[in-house]
Amino acid sequence: LKIKTFQMRQNITIEKTACYHCGDDCETLHYVVKEKNFCCQGCKTVYEVLSASKMGNYYSYNDHPGATRARTDKRFEYLNSPEIAAELIDYTDSQVTIVTFFIPHIHCSSCLWLLEQLNKINPAIHYCRVDFLKKQLNIRFDHQKITLQQVVEILYDIGYEPLISLQDIIKKQNDIKKDNLIQKIAVAGFCFGNVMLLSFPEYFGISGYENTFRHFFGWLNVLFTLPVVFYSGRGYFIAAWQNLRKKVFGIDFPLALGIAVLFIRTVIEVATHTGAGFADTLCGLVFFLLVGKFVQQKTYHHISFERDYRSFFPVAVHIIKDDSTQAIPLAQLQTGHRMLIRHMEIIPADAILLNGDALIGEIVYAGGRQTGGAIELEVVKPVYQSYLTQLWNNEAFTRQKDNRMQTFNETVSKYFTIVLLTIAFGSLLFWLPTDVRRGFAAFTAVLIVACPCALALSTPFTMSAALSVFDRNFFYLKNIAVVEQMAAINTIVFDKTGTITTGNSNQIKTEGFLSVPEQQLIYSACINSAHPLSRMICQYLGGQHRLTIERYAEIPNMGILATIGSHRVRVGSSKLVLGYKEIAAKVTKVYLMIDNKPLGFFEFSHRYRDGMENISEMQPAYKIYLLSGDQDHEREELSQLFKGQLGLHFNQSPQQKLDFVQSLQHQGGRVMMIGDGLNDAGALKQSDLGIAVTDDVNNFSPGSDAIMDGRSFHKLPAFLRFSKDTISIIRFSFFISLTYNVIGLTYAVTGMLSPLTAAILMPLSTATIISFTSLATHFAAKRRDLI
Amino acid sequence: MNIIYFLIGCSILLALAFLAAFFWAQLSGQNDDLYTPAMRILLDDDAEPPADK
């Protein structure tokens, strides 16, 4: 038996034109205004609104600046509810209201231009300012002339729908940076510069008759160190004190000790006219340390890592009461309420279906997105007790992650502190019997010279360089500690749908031509099956007339046999349809046969993300598991990718996923969980490193340690190798800084450390570390093909 | 050489003035958004849309 394939493609290619507004292909040519083509009614409306307000310039700054809009009805009535509005508004008085919106679509200069001209559309809007990187719009408007709902509707009309969610990420983000770090750096830098200038005469030698200058400069230096120690360096003393009370020797303890000793010795030397003191070393130390801290604090303004179900769910729900709908805040939704859920809305609570297209009386779980017509549901469980949200009651969400592995820095600084104190007291005891003053000089000099400045800087500089490498590859880490966690991973757990498979199902291709009656037969056979491939075929064939089926059989992992009317339909694998097994191909094919006549096949290409082949190569260095909430229809295909069936787990509930990760951790696994949806949220939180995969970083992604753009999924093995490289770089730079410390210590233990030596050694070691880590990270990234 | 006292006093006062200016800029939020103004300056204020090509 030989399969006959038809070369004719089913799709008739029409000449495609790009939509003037959003740039998508126009499928039809129905929407034309002034010789400009639009892909949908939504885009056309936006153009009309803009040209009516003489805003046509919007299109002249960039080509196709808009976002496509499939949905055209407005649903912002809930903003009239005072409780909801109060949550969103920044400030209000009798005249004006100020509100900040997060608008994900802000991406080009056209957006900026248009959004800052809102008062041309409505004069009641006084002021609008865009913060481009944060994708925020700050609006001040006269609330007696225009309501909050109308403001949002204007934004919607011009194609910039704000993302309004209960968990208000805007306010949270603005609250974060209040530690005055920049001001502290400014003060430290200011004093460092002045002190250096004033110290030069001492280093170059001051003649005897200029001795009055020496004291003058000395006291000025002491004056400059005061703000450095008590304002800029305060944080180190506080951190060291907290560490001591918890009985841990963190890196802050030797740092604080170094700062304190430098300051006290400088004051004593200047006061007793015995020397010049170490004022410039002190100021330089604090300055460089703070710069290291600043580098460490990289933040992504437009990405939120802390999202939970509250930002996934809508702000308000429409309920039906006395035959009319009204919007209520989600928190007020109670058991017994009748909700109205429309197209593309999310079901916020477990509910029973009252009417709609789907099966009436069925329980619908929270988290699903309604597609198609509107449905009415009766709430059976309040939002915070639904099947999905009860995950958040798990202890994984309430406790701090204390099982984190100790970072290299923490491990090292413990021993470092002990060795440092031993050498310091040793040299004190050695000199004490012969020369008390020399003993104290040696003691303080050891603490000064061994102050782990370079050690404290190596981690932040390496990690922030690594972070920007990841950033370039569309992989966004929450903070620099994540790199180190990633290097320690030995177990990887994948979610299936949305994570290793792509979200859209459009990659279906047919070989062969199907007549309309044939399409009907195939559709009618496939509509009975819940298999994802059958569903995709039905979706592809569209709303066909459904024929009644006489006989129907679905053979697991093989396909469907059906008798419809006088026709016998076979849909499935080559083995079932054609009688022989085809050599395994990268693409999945579903063969068709009606009345023993082969009709070609449907081809599903790229169902898995690019680079899934690389995943299996990561074994056995990493243990790899798959956790899927779906049925095991794809077990056979997946077992090829995952090299065997042992790691595959199907039918997993969100709670089971969490428990599975926990059990791996009990077996000593350091688990990286890669997931995408709310049902992975528990496992992501429980794991040592949770990565959320998303096709659009502005879209919802569950709370995680890192967010990965789907485009860079194939680079995962490279990311893991690169994270290990960065750890090696940190270790090596640690040895460099130790070498400098040993050189300094040979001077220090003799008690003869000159201020000049300290003043040269400290910046020199810092410069070496910074340049080494930056260069080494750059080369490591190049080696892994990441830049 | 006593002029040194005066000169150093002057230079420190001047430097303090700059430090104060930086603090003022920082606290009044002038450094909060360093990206958008650079784009804003490239946009015209009240230009009519150019004729379609």
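**Exercise 1.** Explain why A:Cys453 forms no bond with the closest cysteine sulfur.

*Solution.* Start with the distance. The closest cysteine sulfur to that of A:Cys453 is in A:Cys451, 6.7 Å away, which is too far for a bond. Apply the cut-off: a disulfide is a pair of cysteine sulfur atoms within 2.5 Å. Then check exposure. A:Cys453 is buried, at 3% relative accessible area (buried is under 20%, exposed over 50%, partly exposed in between; 1.4 Å probe, protein chains only).

This is a predicted model, where local features need pLDDT of at least 70, side-chain atom pairs count only at pLDDT 80 or more, and totals for chains, interfaces and linings use all residues. Side-chain values use heavy atoms, without hydrogens and water; residues are numbered from 1 along each chain as its sequence is written, with chains lettered from A and ligands numbered from 1 in the order written.

**Exercise 2.** State how many disulfides the structure holds over all chains.

*Solution.* The count is zero. Take A:Cys191 next: its nearest cysteine sulfur belongs to A:Cys283, 5.6 Å away, and A:Cys191 is in no disulfide. A:Cys191 is also buried, with a relative accessible area of 1%.

**Exercise 3.** Describe the lining of the largest cavity by residue class.

*Solution.* Count the residues: 17 line this cavity, and A:Cys451 is among those nearest its centre. (On a 1 Å grid over the protein atoms alone, a cavity is a set of points where a 1.4 Å probe fits but cannot get out; lining residues have an atom within 4 Å of a point.) Now sort them. The lining has 13 nonpolar, four polar and no charged residues (Ala, Val, Leu, Ile, Met, Phe, Trp, Tyr, Cys and Pro count as nonpolar; Asp, Glu, Lys and Arg as charged; the others, Gly among them, as polar).
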